[in-house]
Amino acid sequence: METINASDFKAKCLAILDRVQATGERLVILKRGQPVAELVPASRTHAKYAQMELKGTVIVAGDIVEPAVPEEHWDSLAR
């Protein structure tokens, strides 16, 4: 990820914004050598809700209702 000093960012802001939009790359802005902000391209979705961007990205790998730990490992069942 590329970094840039805040003073350089201020001087070249519009060109940098155009480049981030065109390339989709992220940019970290530094102030006195420390990261203070991260510039990322805006979401290109026109979904009504931001969560809709995640549609189709989830893979169900097993039973989503079954407990994650088998019953024999439950301390609450031990007598």
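A residue counts as exposed when its relative accessible area is over 50%, as buried when that area is under 20%, and as partly exposed in between. Keep that scale in mind, because Arg32, at 80% relative accessible area, is exposed by it. We'll come back to Arg32 once the rest of the fold is in place. One caveat before we start: what you're looking at is a predicted model.

Let's begin with the overall layout. The protein has two helices and three strands, and if you walk along the sequence you meet them in the pattern β-α-α-β-β. The radius of gyration is 23 Å, well over the 12 Å that the globule rule gives for 79 residues, so the protein is more spread out than a compact globule. The C-alpha trace fits that picture, spanning about 70 × 35 × 20 Å along the principal axes. As for burial, buried residues account for just 11% of the 79 residues.

Now for the sheet. The three strands make an open sheet with mixed pairing, laid out in the order β1-β2-β3. The edges belong to β1 (2-5) and β3, and each of these has a single partner strand, so one side of each goes without a neighbour in the sheet. From one strand to the next, the twist averages 35°.

The mixed character shows up once you take the pairs one by one. β1 and β2 run parallel and are joined by four bridges. If you want a spot to look at there, find Asn5, which sits opposite Leu30 in β2. On the other flank, β2 and β3 pair in the antiparallel sense, over five bridges. Here a handy landmark is Ile29, with Ala37 of β3 standing opposite.

That antiparallel pair brings us back to Arg32. β2 (27-31) and β3 are connected by a loop, and Arg32 lies in that loop. The two strands make a hairpin with two residues between them, and it's in this hairpin that Arg32 takes a positive phi near 55°. Why does that catch the eye? Because most residues other than glycine have a negative phi. Arg32 is not a glycine, yet its phi is positive. With a relative accessible area of 80%, Arg32 is also exposed.

Next, the charged side chains. Side chains of opposite charge can pair when their charged atoms come close. How many salt bridges does the model have? The count comes to three.

Start with Glu2 and Arg19, whose closest N and O atoms are 3.2 Å apart in their salt bridge. Glu2 belongs to strand β1 and Arg19 to helix α2 (residues 13-23), so this pair ties together parts that are 17 residues apart in sequence. Both ends are partly exposed: Glu2 has a relative accessible area of 37%, while Arg19 comes in at 32%.

Arg19 has another partner, too. Its side chain meets that of Glu25 in a salt bridge, at 3.5 Å from N to O. Glu25 is again partly exposed, with a relative accessible area of 30%. Put these contacts together and you get a network of salt bridges linking Glu2, Arg19 and Glu25.

The remaining pair is Glu38 with Arg26, where the closest N and O atoms are 2.8 Å apart. This one links distant parts of the chain, 12 residues apart: Glu38 is in strand β3, and Arg26 is in the loop between α2 and β2. Glu38 counts as partly exposed at 41% relative accessibility, and so does Arg26 at 46%.

Last stop: the surface beyond the sheet. Which residues form a nonpolar patch on the surface? They are Val58, Val60, Ile64 and Val65, and together they offer about 480 Å² of accessible area. Val65 is found in the segment after β3 (34-39). At 72% relative accessibility, Val65 is over the 50% cut-off, and therefore counts as exposed.

To pull it together: the model shows an open, mixed sheet of three strands, with salt bridges running from β1 to helix α2 and from β3 to the loop between α2 and β2. Add a hairpin in which Arg32 has a positive phi and a nonpolar surface patch that includes Val65, and you have a route through the structure.

Notes:
Residues numbered from 1 in each chain as written. Heavy atoms only, no water. Patch = residues over 30% accessible without salt bridge, like charges linked within 9 Å, V, L, I, M, F, W, Y side chains within 5 Å. Areas by Shrake-Rupley, 256 points an atom, 1.4 Å probe, with all protein chains shown as cover. Salt bridge = Lys/Arg side-chain N within 4 Å of Asp/Glu carboxyl O. Buried < 20%, exposed > 50% of the residue type's maximum accessible area, 1.4 Å probe, protein only. Pairing = 2+ DSSP bridges. Axes fitted to C-alpha atoms, helices over the stretch in contact; angles between N-to-C directions. Rg over C-alpha atoms; globule rule 2.2 N^0.38 Å.
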